Amino acid sequence: MAFRQALQLAACGLAGGSAAVFFSAVAVGKTRAGGDAEPRVVEPPAWAGAARPGPGVWDPNWDRREPLSLVNLRKRNLEPGEEELASRLDHYKAKATRHIFLIRHSQYHVDASLEKDRTLTPLGREQAELTGLRLASLGLKFNKIVHSSMTRATETTDIISKHLPGVCKVSTDLLREGAPIEPDPPVSHWKPEAVQYYEDGARIEAAFRNYIHRADAKQQEDSYEIFICHANVIRYIVCRALQFPPEGWLRLSLNNGSITHLVVRPDGRVALRTLGDTGFMPPDKISRS
């Protein structure tokens with residue numbers, strides 16, 4: 001009986017459409033003797049939290065900042081009237097738009113054994129200069145630069161920031177490169193150990209939750225923020241922000257020094273303005289290593 005009620009709840013959704021219960025599974029091809037594909041259920045990683053809505057269903061409370069979800073109607077014995085509820089909702093409502101620029105680091109020496117020695121190549125330094133010039137040419141008032149603490153991202157940041165004087169820089173370990181989630185379909189040339197997905201996945205998901213969300217209700221003006229990090233991190237963030245299956249992150253490709261532009265509106269809607277743009281670079285300066 002309880003399971004039947006749960007299914008009915010999943011079909012109908014909760015009142016107001018602000019939340020819903022979903023039952024979903026990922027089918028992965030497993031060949032039978034006869035050649036047909038036998039689906040198997042792949043459980044989401046433990047750090048992923050509650051199940052996300054199925055394909056094509058937008059979750060308006062994806063960042064847990066939907067005003068109605070923040071109003072505690074049980075705080076008083078009596079439910080508030082319409083005017084009081086509207087006032088409380090307005091208190092939590094975002095008013096500004098966030099423009100998030102995700103920059104992949106420039107080309108670096110991939111063969112170095114130690115991370116500290118994986119510095120930018122001469123081409124990589126040229127790419128960072130071009131990316132910095134491109135960002136400066138946009139004429140935007142950037143609020144801050146948040147960058148991965150890895151050497152290649154830090155060096156890319158130092159070069160780009162010269163073209164954006166006065167913009168503060170913040171380093172974080174959350175944006176370091178890693179294996180966010182097992183890709184689907186899998187690839188043969190890159191197979192991290194399961195423990196790497198477990199460790200990196202939780203951290204990269206934490207980076208997404210910490211940095212990608214609608215503006216705070218106290219923010220009055222639109223913001224323009226730069227995040228300089230890595231291809232895997234950016235691709236995962238894009239999939240999560242657009243509510244695409246995150247397992248598809250490896251289907252995307254990003255050049256070194258590329259610019260990805262996400263927009264988060266006050267109502268929580270997300271748009272992708274550009275993905276991996278390097279059109280501002282001459283063809284001979286483009287790389288993807």
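Modeller: Helices here are DSSP runs of H or I with at least four residues, and strands are runs of E with at least two, both numbered from the N terminus. The model we discuss is predicted.

Biologist: Where in the chain is Gln243, whose phi is positive?

Modeller: Gln243 is a residue other than glycine, yet its phi is near 60°. Most residues other than glycine have a negative phi, and most peptide bonds are trans. With a relative accessible area of 24%, Gln243 falls between the cut-offs of 20% and 50% and therefore counts as partly exposed. Its place in the chain is the loop between α7 (231-241) and β7.

Biologist: Is Arg64 buried or exposed?

Modeller: Arg64 also has a positive phi, of about 60°, although it is not a glycine, and it is found in the loop between β2 (40-42) and α2 (67-70). Its relative accessible area is 52%, and because the cut-off for that class is over 50%, Arg64 counts as exposed.

Biologist: Which residue follows the peptide bond from Asp184 that is cis?

Modeller: The omega of that bond is near 5°. The residue after Asp184 has its place in the loop between β5 and α6, and that residue is Pro185.

Biologist: How many helices and strands does the chain have, and what percentage of its residues count as buried?

Modeller: The chain holds seven helices and eight strands. Among its contacts with a separation of 6 or more, 70% are between residues 24 or more positions apart. Of the 289 residues of the chain, the share that counts as buried is 40%.

Biologist: In what order do the strands of the open sheet stand?

Modeller: Six strands form this open sheet, and their pairing is mixed. The strands at the edges are β5 (168-172) and β8 (270-277), each with a single partner strand, so one side of each is left without a neighbour in the sheet. From one strand to the next the twist averages 20°. Read across the sheet, the order is β5-β4-β6-β3-β7-β8.

Biologist: Within that sheet, how many bridges join β3 to β6, and how many join β3 to β7?

Modeller: Strands of a sheet pair through backbone hydrogen bonds, either parallel or antiparallel. Here β3 and β6 run parallel, and Ile103 has Ile228 as its bridge partner in β6. By contrast, β3 and β7 run antiparallel, with Thr260 in β7 as the bridge partner of Leu102. The bridges from β3 to β6 number seven, and those from β3 to β7 number six.

Biologist: How many of the residues of β3 are buried?

Modeller: Both faces of the strand are covered, with Arg98, Ile100, Leu102 and Arg104 buried on one side and His99, Phe101 and Ile103 buried on the other. The strand is therefore largely enclosed by the rest of the structure, the count of buried residues being seven of the seven.

Biologist: Which elements are included in what covers the buried residues of α4?

Modeller: Helix α4 (residues 122-137) has 16 residues and reaches 23 Å from its first C-alpha to its last, close to the 22 Å expected, and Gly139, with a positive phi near 70°, follows it. An α-helix has 3.6 residues a turn, so residues three or four places apart point the same way. The buried residues of α4 are Leu123, Gly124, Gln127, Ala128, Thr131, Gly132 and Leu135. What covers them includes β3 (98-104), α5 (151-161), β6 (223-229) and β7 (259-264).

Biologist: Which residue has a backbone nitrogen that lies 2.8 Å from a polar side-chain atom of Asp216?

Modeller: Asp216 has its place in the loop between α6 (194-211) and β6, and because its relative accessibility is 40%, it counts as partly exposed. Although Asp216 and Arg98 are 118 residues apart in sequence, their C-alpha atoms are 9.7 Å apart in space. The backbone nitrogen at 2.8 Å from the side chain of Asp216 belongs to Lys218.

Biologist: How many disulfides does the structure hold?

Modeller: A disulfide is a covalent bond between the sulfur atoms of two cysteines. Cys168 counts as partly exposed because its relative accessibility is 42%, whereas Cys239 counts as buried because its value is 5%. For the structure, the number of disulfides is zero.

Notes: Residues are numbered from 1 along each chain as its sequence is written. This is a predicted model: local features need pLDDT of at least 70, side-chain atom pairs count only at pLDDT 80 or more; totals for chains, interfaces and linings use all residues. Side-chain values use heavy atoms; hydrogens and water are left out. The expected span of a helix is 1.5 Å times one less than its number of residues. Buried means under 20% relative accessible area, exposed over 50%, partly exposed in between (1.4 Å probe, protein chains only). Contact means heavy atoms within 4.5 Å. A disulfide is a pair of cysteine sulfur atoms within 2.5 Å. Two strands pair if DSSP finds at least two bridges between them. Axes are lines fitted to C-alpha atoms, for helices over the stretch in contact, and angles run from 0 to 180 degrees between N-to-C directions. A polar contact is a pair of N or O atoms within 3.5 Å; within protein, one must be able to donate a hydrogen and the other to accept it, and residues adjacent in sequence count only if both atoms are side-chain atoms.
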